Amino acid sequence: PDEWDDSRRLFVRVLAGETIRNLRLKRRRKDGSLIDVRASFAPMHNPDGTVRAIARSYEDITDYVRAEEQLERIAHHDQLTGLPNRLTLRNELGQLLARDGSHGPTTIALFDLDGFKEVNDTLGHSSGDQLLIEVGRRLSDVVGDRGQVCRLGGDEFVAIIPGCGDPLAIGAIVDTMLRRLAEPYRINDHILNIAGSAGVAIAPTDGSNVDELIANADLALYQAKADGGHVCRFFVPVLRAQAHARRGLGLELRRAHDQNEFELYYQPQIRLAD
């Protein structure tokens, strides 16, 4: 009944001589259940070319549509937590950044759990999985309708907060999320106390594309963990310079090792008294 007007328009088109193929429609069975169908309509002509009737074909594709929706969900959502996955993160963040700031800045906060590996090692991966589900729920509760939480993989989560670039406002939101993460967890009769660290990057100042923005948030997260964890750090350009310096030093050390450029010196420790 909800599609009666659309159906009338279809019949008018076919009565005018048009053939319509492979339309997806909703139809109701005699028992009242609603199903998905693939429909085709064709005019039947009299010898003089006028339309005398309409031939209709319906195929029940309910199972096919359900399978298609399931595949779509698998492709775009994390199977453990049900949160949007890395692919969805890149797509949605890319769309936000492509707006050229017309809807204001976009902030991402990258979260990493401090001590998650110990949970897996001591209590098993089942407990670790339950912990990740609860972490995703807590982060989503805090963000609410202000943004979206995605799971990157492992124990890494990302919060996308569009239309907000105020460091004070973002800092308040992220600090609230960190406090929620630090609250005790009851997992399989165990009380777990873990916490998280966060790195924040704000587009377009901290990155004009998806890869750059995520990489800079990751550098801020690295700094947060270097500062002892359980804190939030914002990206600043000096973090990128420090990262390049660390990488350059690592490359030089490997090159020096391969070319035998190290020398080993012994310095005797002498006590002048004896």
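Let's start at S7, which sits in helix α1, the stretch covering residues 4-15. This is a predicted model, and in it S7 has a relative accessibility of 10%. Anything under 20% is called buried, so S7 counts as buried. Its side chain has a partner, too: the side chain of S7 makes a polar contact with the side chain of R27, at 3.1 Å.

Now hop along to helix α4, residues 116-123. Here F116, V119 and N120 are buried. Look down the axis of α4 and you'll find that these buried residues fall within an arc of 95 degrees, so they line one face of the helix. What lies over that face? The cover for the buried residues of α4 includes strand β4 (106-114), helix α5 (125-143) and strand β8 (190-192). Swing round to the other side of α4 and the picture flips: K117, D121 and T122 are exposed there. Right after α4 comes G124, and its phi is positive, near 95 degrees.

Last stop is helix α8, which runs over residues 237-258 and holds L253. Is L253 buried, exposed or partly exposed? With a relative accessible area of 43%, L253 is partly exposed, because that value falls between the 20% limit for buried and the 50% limit for exposed. L253 has company out there: together with L249 and F262, L253 forms a nonpolar patch on the surface. Taken together, L249, L253 and F262 offer about 320 Å² of accessible area.

Notes:
Residues numbered from 1 in each chain as written. Predicted model: local features only at pLDDT ≥ 70, side-chain atom pairs only at ≥ 80, totals over all residues. Heavy atoms only, no water. Patch = residues over 30% accessible without salt bridge, like charges linked within 9 Å, V, L, I, M, F, W, Y side chains within 5 Å. Areas by Shrake-Rupley, 256 points an atom, 1.4 Å probe, with all protein chains shown as cover. Salt bridge = Lys/Arg side-chain N within 4 Å of Asp/Glu carboxyl O. Helix = DSSP H or I, 4+ residues; strand = E, 2+ residues; numbered from the N terminus. Buried < 20%, exposed > 50% of the residue type's maximum accessible area, 1.4 Å probe, protein only. Polar contact = N/O pair within 3.5 Å; in protein donor to acceptor, adjacent residues only side chain to side chain. Arc of directions from axis to C-beta. Contact = heavy atoms within 4.5 Å.
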